[in-house]
Amino acid sequence: AVTTGSDLGLFPSTPSLEGPVAILDWEADAAEQADRMRRLARGFGIKAPRDVWYRRESAPLASSADRIAEQLAQRHVVMAVVDSKGMAAAGAPEAAEETIRLFGAVRSLEVPTLVIDHATKAGMREDPAKRMAFGSVYTTNAARLTWSLSGAWHTNKLSLRFDPGK
């Protein structure tokens, strides 16, 4: 939606955010991410995103955030995606210090950032209104806004459940 300027019904009615997006990826590779974007775009009936800057990451975000922020500004990136929080923090998910350090690094990027995190199996069974992110309570409290997205396969079709958080 951000790279194409398309209103996919995913955002509240605020001024639109349109432009290049950076994917900071600790889990997949460029080919897998490109395939995911093509499939998502096809599902929404739009063209695949064109203004995506992909970065394969391995070091903790806190150790490279200043350099990445400079590169985001040079490329006029308007939004970043961190996939995923646990790998980007590179520490124990229960450790408040690691979580606080990560979200400090996210804020230093100076662009809106979607941080993807994983939920425990037990957490997925909880009422979405009571669900907390995995790890430190700071994961939920340090984020400006949280959402929960869960999926299930039904006869070769993926259905998604989106629960707005705080």
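Contact is taken here to mean heavy atoms within 4.5 Å. By this criterion, in the predicted model, Leu109 touches Leu24, Leu61, Ala65, Ile68, Ala69 and Leu72, with residues up to four places away in sequence left out of the count.

Leu109 also belongs to the largest nonpolar core, which comprises 19 residues. Together with Ala22, Leu24, Leu61 and Leu72, Leu109 is among the residues that make the most contacts inside this core. Several secondary-structure elements contribute at least two residues each: the strands β1 (21-25) and β3 (79-83), and the helices α2 (61-74), α3 (85-89) and α4 (96-108). The greatest contribution comes from α2, which supplies 5 residues. A second core, separate from the largest one, consists of 6 residues, including Val2, Val21, Met37 and Val81.

The strands of the model are arranged in an open sheet of 4 members, in the order β2-β1-β3-β4, with parallel pairing. The edges of the sheet are occupied by β2 (52-56) and β4 (113-116); each has a single partner strand, so one side of each lacks a neighbour in the sheet. On average, neighbouring strands are turned by 15° against each other, direction ignored.

Within this sheet, β1 and β3 run parallel and are joined by 5 bridges. In this pairing, Ile23 stands opposite Val81 of β3. Val81 is also one of the residues of the second core, while β3 as an element supplies at least two residues to the largest core.

Notes
Residues numbered from 1 in each chain as written. Predicted model: local features only at pLDDT ≥ 70, side-chain atom pairs only at ≥ 80, totals over all residues. Heavy atoms only, no water. Core = buried A, V, L, I, M, F, W, Y, C linked by side-chain atoms within 4.5 Å. Buried < 20%, exposed > 50% of the residue type's maximum accessible area, 1.4 Å probe, protein only. Pairing = 2+ DSSP bridges. Axes fitted to C-alpha atoms, helices over the stretch in contact; angles between N-to-C directions.
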